[in-house]
Amino acid sequence: MEKTSLLWLFIVTSLLCCTTHQVRLTVSPSSSQLFEDQFVSLSCEEDDSSAGWTLRRNTTKEQMSQCGDGWGKPAGSSCSITYVITLDSGVYWCESREGSTSSIINITVSGGSVILQSPVLPVMEGHDVTLHCQTKSPPSKLPADFYKDGSLIRTEPTGHMTIHHVTKSDEGLYKCHISSHGESPPSWISVTGKSSSTGPPTSGAPTQTSTYKLLRYLLVFCPYFISTLLMVSLYRHRPTGNDPSD
């Protein structure tokens, strides 16, 4: 019975002390697609700087690499890339020293002449979202065809399309085409309600179940506090020299 009580005390105390910090990854310019040679800045906007957030990414060439490790220039919890190239395409996220992660965002760097400027984060249900079909060289406000999941939605004369009061049915893979310039790469647009969604699974992206997170918090996040608690508990229950059973 005493062992069971100590185990529950261990778990409850771990959950109380292992409070996760909230962080949000932002991108400037705020677009899921970029042209080659563009400047981009990524920042882990955090509630508690003591968490020590680091920007990481997975690309087709690199797995689980962090800013400053052969790419990007770190500055605190931010990272800047002066000239992006197609090899910078991939998934990006913020990770704390304890292993907590932010939402994952997908960035595509195009070597072509057309990109689709779309939100990097999920769009809330009921909100409006505007997609811009952008050319690398001016003029940029040209007629553009917009596609969802391979099917033409409509043609917009000024190169931008607004979806009003989005619903889950608007979630999908979007791209655009401008005559005499070309077609953009596709981008997944997620629609979320109260819970966050990061779109379709991406190969190599970090995934954590709630059980895995719990185990990480129990074993990593507060080792000193938990160790001290257990030592005190064991000391209180150790046999003394006056024990008649000795």
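These are some informal notes on a predicted model, taken point by point for someone meeting it for the first time.

1. Start with the sheet that holds β12. Three strands make it up: 3 strands form an open sheet, ordered β10-β12-β15, and the pairing is antiparallel. The edge strands are β10 and β15, each of which pairs on one side only. Neighbouring strands in this sheet are turned against each other by 15 degrees on average, direction ignored.

2. Now for the ladders in that sheet. On one side, strand β10 (residues 114-117) is joined to β12 by 4 bridges, and the two run antiparallel. If you want a landmark there, look for Val-114, which stands opposite Thr-135 in β12. On the other side, 4 bridges join β12 to strand β15 (residues 160-163), again antiparallel. Two landmarks help here: His-132 has His-160 in β15 as its bridge partner, and Val-129 has Ile-163 in β15 as its bridge partner.

3. Which residues of strand β12 point to the buried face? Follow the side chains along residues 129-135 and you will see them alternate. Val-129, Leu-131, Cys-133 and Thr-135 point to one face and are buried. Thr-130, His-132 and Gln-134 point to the other face and are not buried. Putting this together with the ladders, Thr-135, the residue opposite Val-114, belongs to the buried set, whereas His-132, the partner of His-160, points to the other face.

4. There is a cavity to look at too. Searching the whole structure turns up 1 cavity of 30 Å³ or more, and the largest cavity holds about 40 Å³ of space. Its lining consists of Val-123, Val-129, Ile-163, Val-166, Asp-170, Tyr-174, Ile-189 and Val-191. You have already met two of these: Val-129 and Ile-163 are bridge partners, and both are in the lining.

5. How many residues of that lining are nonpolar, polar and charged? The split is 7 nonpolar, no polar and 1 charged. The charged one is Asp-170, because Asp counts as charged while Val, Ile and Tyr count as nonpolar.

6. A second sheet is worth tracing. This one is an open sheet of 4 strands in the order β1-β3-β7-β6, with antiparallel pairing. Its edge strands are β1 (23-28) and β6 (73-75), and each pairs on one side only. Here neighbouring strands are turned by 20 degrees against each other on average, direction ignored. Inside the sheet, strand β3 (residues 40-46) and strand β7 (residues 78-81) run antiparallel and are joined by 4 bridges. Ser-43 stands opposite Ser-78 in β7, which gives you a place to begin.

7. Next, the aromatic residues. The structure holds 1 aromatic pair. It is formed by Trp-71 and Tyr-92 in an edge-to-face arrangement, 5.9 Å centre to centre and with 85 degrees between the planes. Trp-71 sits in the loop between β5 (65-66) and β6, and Tyr-92 sits in strand β8 (residues 90-95), so the pair ties together parts that are 21 residues apart in sequence. Both Trp-71 and Tyr-92 are buried.

8. While you are in strand β8, have a look at Val-91. Is Val-91 buried or exposed? Val-91 has a relative accessible area of 2%, so it counts as buried, the cut-off being under 20%. The C-alpha atoms of Val-91 and Arg-57 are separated by 5.5 Å, although the two residues are 34 residues apart along the chain.

9. A few backbone details deserve a check. The peptide bond from Ser-28 to Pro-29 is cis, with omega near 5 degrees. Pro-29 lies in the loop between β1 and β2 (33-35).

10. Finally, look at phi in two loop residues. Asp-37 has a positive phi of about 75 degrees although it is not a glycine, and its place is in the loop between β2 and β3. Ser-180, also not a glycine, has a positive phi near 70 degrees; you will find Ser-180 in the loop between β16 (172-178) and β17 (182-183). Asp-37 is exposed, with a relative accessible area of 52%. Ser-180 is exposed as well, with a relative accessible area of 76%.

How values were computed:
Residues numbered from 1 in each chain as written. Predicted model: local features only at pLDDT ≥ 70, side-chain atom pairs only at ≥ 80, totals over all residues. Heavy atoms only, no water. 1 Å grid on protein atoms, 1.4 Å probe; cavity = no way out; pocket = protein on both sides within 12 Å on 5 of 7 lines; lining within 4 Å. Points joined across faces, edges and corners; volume = space filled by probe spheres on them. Buried < 20%, exposed > 50% of the residue type's maximum accessible area, 1.4 Å probe, protein only. Pairing = 2+ DSSP bridges. Axes fitted to C-alpha atoms, helices over the stretch in contact; angles between N-to-C directions. Phe/Tyr/Trp six-rings, centres within 6.5 Å; stacked < 30°, edge-to-face > 60°.
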